[in-house]
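Welcome, and thanks for taking a look at this one with us. Please have the sequence and the structure open side by side as you read.

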Amino acid sequence: MLTWVKLTYKILFKLTEDKFGKPYSQIFSSRLRELRLESAMNRAEAAQKIGVAPSTYGNWEQGRRYPSVDEIYKILKVFGVQANDLFEF
């Protein structure tokens, strides 16, 4: 199971695009920012609730880095969404 999750994670962020050719990594970054703003949080507050440094969270929103599978689960919990909502499937 863990291997499948890691492979899915790698494919999602690095190899796939949506139907308009936009990489899912960009979709994730944009959607993460939207969720934070809808929750009326600043980056530092979101980072604290997820359990990462504010700079780490900022890098996610800017598309410079991507969260681990464990961190994605925390993001889903903090914002109260499902994976489909986060990645816009």
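Here is a short tour of the core, one helix pair and two serines.

Please keep in mind that this is a predicted model. The largest nonpolar core has 17 residues, and H5 gives the largest share of this core, with 4 residues. H5 also packs against H3, with axes that come within 9 Å.

**The nonpolar core**

- Among the 17 residues of the largest nonpolar core, the ones that touch the most other members are Tyr57, Trp60, Ile75, Phe79 and Leu86.
- At least two residues of this core come from each of the helices H2 (24-38), H3 (43-50), H4 (54-61), H5 (69-79) and H6 (83-87).
- The largest contribution, 4 residues, is made by H5.
- Setting aside residues up to four places away in sequence, Tyr57 touches Leu32, Arg36, Arg43, Ala46, Ala47, Ile50, Val52 and Phe79.

**How H3 meets H5**

- A pair of packed helices is described by the distance between the axes and the angle between them.
- For H3 and H5, the axes come within 9 Å and cross at roughly 115 degrees.
- The crossing of H3 past H5 is right-handed.
- On the H3 side, the contact is made by Ala46, Lys49 and Ile50, while H5 brings in Glu71, Lys74, Ile75, Val78 and Phe79.
- Sorted by type, the residues of this contact are 5 nonpolar and 3 charged, with no polar ones.

**Serine 29**

- Serine 29 sits in helix H2.
- Is serine 29 buried or exposed? Serine 29 counts as buried because its relative accessibility is 6%, which is under the 20% cut-off.
- Beyond its neighbours within four places in sequence, serine 29 is in contact with Trp60, Glu61, Gln62, Gly63 and Tyr66.
- With glycine 63, the side chain of serine 29 reaches the backbone nitrogen at 3.4 Å.

**Serine 39**

- You will find serine 39 in the loop between H2 and H3.
- Serine 39 has a relative accessible area of 33%, so this residue is partly exposed, a label for values between the 20% and 50% cut-offs.
- Which backbone atom lies 3.0 Å from a polar atom of the side chain of serine 39? That atom is the backbone oxygen of leucine 35.
- Serine 39 and phenylalanine 79 are 40 residues apart in sequence, yet their C-alpha atoms are 7.3 Å apart in space.
- Phenylalanine 79 has come up before: Phe79 touches Tyr57 and takes part in the contact between H3 and H5.

Note on methods:
Residues numbered from 1 in each chain as written. Predicted model: local features only at pLDDT ≥ 70, side-chain atom pairs only at ≥ 80, totals over all residues. Heavy atoms only, no water. Core = buried A, V, L, I, M, F, W, Y, C linked by side-chain atoms within 4.5 Å. Buried < 20%, exposed > 50% of the residue type's maximum accessible area, 1.4 Å probe, protein only. Contact = heavy atoms within 4.5 Å. Axes fitted to C-alpha atoms, helices over the stretch in contact; angles between N-to-C directions. Left-handed = near helix turned anticlockwise from the far one by under 90°. Nonpolar A, V, L, I, M, F, W, Y, C, P; charged D, E, K, R; others polar. Polar contact = N/O pair within 3.5 Å; in protein donor to acceptor, adjacent residues only side chain to side chain.
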